[in-house]
Amino acid sequence: MDFINRALNGGSSYTSSSLVDLISHEDWRLAQMEVETKPSDARVWHKRSGFFDGSHDSNVLPIHMAVALRPTPEFVDCLVNAYPAGLKAVEPNFRRLPLHIACQTAASTSVVQLLIDRYPDGA
């Protein structure tokens with residue numbers, strides 16, 4: 001997971017976002033408060049250096065970043081409620097859905113099940 005932490009903390013983004021900072025620091029409680037306060041942040045794409053396998057850049061949404069860091073199911077649900085289309089959003093470079101990233105990074109079964117329940121066609 002070190003490569004993901006480096007990618008999330010070191011990559012540049014198109015916009016500055018405290019939501020991205022909170023996700024990067026895995027502060028799920030404050031990140032959820034941020035999404036509830038400013039749900040539009042859940043739909044902003046960010047360029048992350050090294051996000052894919054630690055060596056390839058990718059453009060991602062906050063949900064892609066979060067599921068790579070084993071978030072709480074409550075936070076993922078909050079992101080999905082703020083931007084349901086994020087479940088169907090694939091990384092432009094690597095074509096991964098949030099579900100794919102969650103599985104690749106060993107997210108909790110609760111998070112994986114939530115992603116499947118909310119977007120069954122992604123499985």
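**Exercise 1. Determine what share of the chain's contacts between residues at least 6 apart in sequence joins residues at least 24 apart.**

Solution. Among contacts between residues at least 6 apart in sequence, 63% join residues at least 24 apart, where contact means heavy atoms within 4.5 Å. The model is a predicted one, in which local features need pLDDT of at least 70 and side-chain atom pairs count only at pLDDT 80 or more, while totals for chains, interfaces and linings use all residues. Residues are numbered from 1 along each chain as its sequence is written, and side-chain values use heavy atoms, with hydrogens and water left out.

**Exercise 2. List the secondary structure elements of the chain in order from the N terminus.**

Solution. Begin with the totals, which are seven helices and two strands; helices (H or I, at least four residues) and strands (E, at least two) are DSSP runs, numbered from the N terminus. Then read along the chain, where the elements run α-α-α-β-β-α-α-α-α.

**Exercise 3. Find which element gives the largest share of the largest nonpolar core.**

Solution. A nonpolar core is a set of buried Ala, Val, Leu, Ile, Met, Phe, Trp, Tyr and Cys residues joined through side-chain atoms within 4.5 Å, and buried means under 20% relative accessible area, exposed over 50%, and partly exposed in between (1.4 Å probe, protein chains only). The largest such core has 35 residues, and among those with the most contacts inside it are Phe75, Val76, Leu79 and Leu115. The elements that give two or more residues to this core are α2 (18-24), α3, α4 (62-67), α5, α6 (98-104) and α7 (109-118). The largest share, six residues, comes from α5. The buried residues of α5 pack against α2, α3, α4 and α7.

**Exercise 4. Classify the one aromatic pair that a search of the whole structure finds.**

Solution. A pair of aromatic rings is described by the distance of the centres and the angle of the planes. Rings of Phe, Tyr and Trp (its six-membered ring) pair if their centres lie within 6.5 Å, and planes under 30 degrees apart count as stacked, over 60 as edge-to-face and the rest as tilted. The ring centres of Trp28 and Phe75 are 5.3 Å apart and their planes stand at 35 degrees, so the pair is tilted. Trp28 lies in helix α3 (residues 28-37) and Phe75 in helix α5 (residues 73-82), 47 residues apart, and the pair thus links distant parts of the chain. Both Trp28 and Phe75 are buried.
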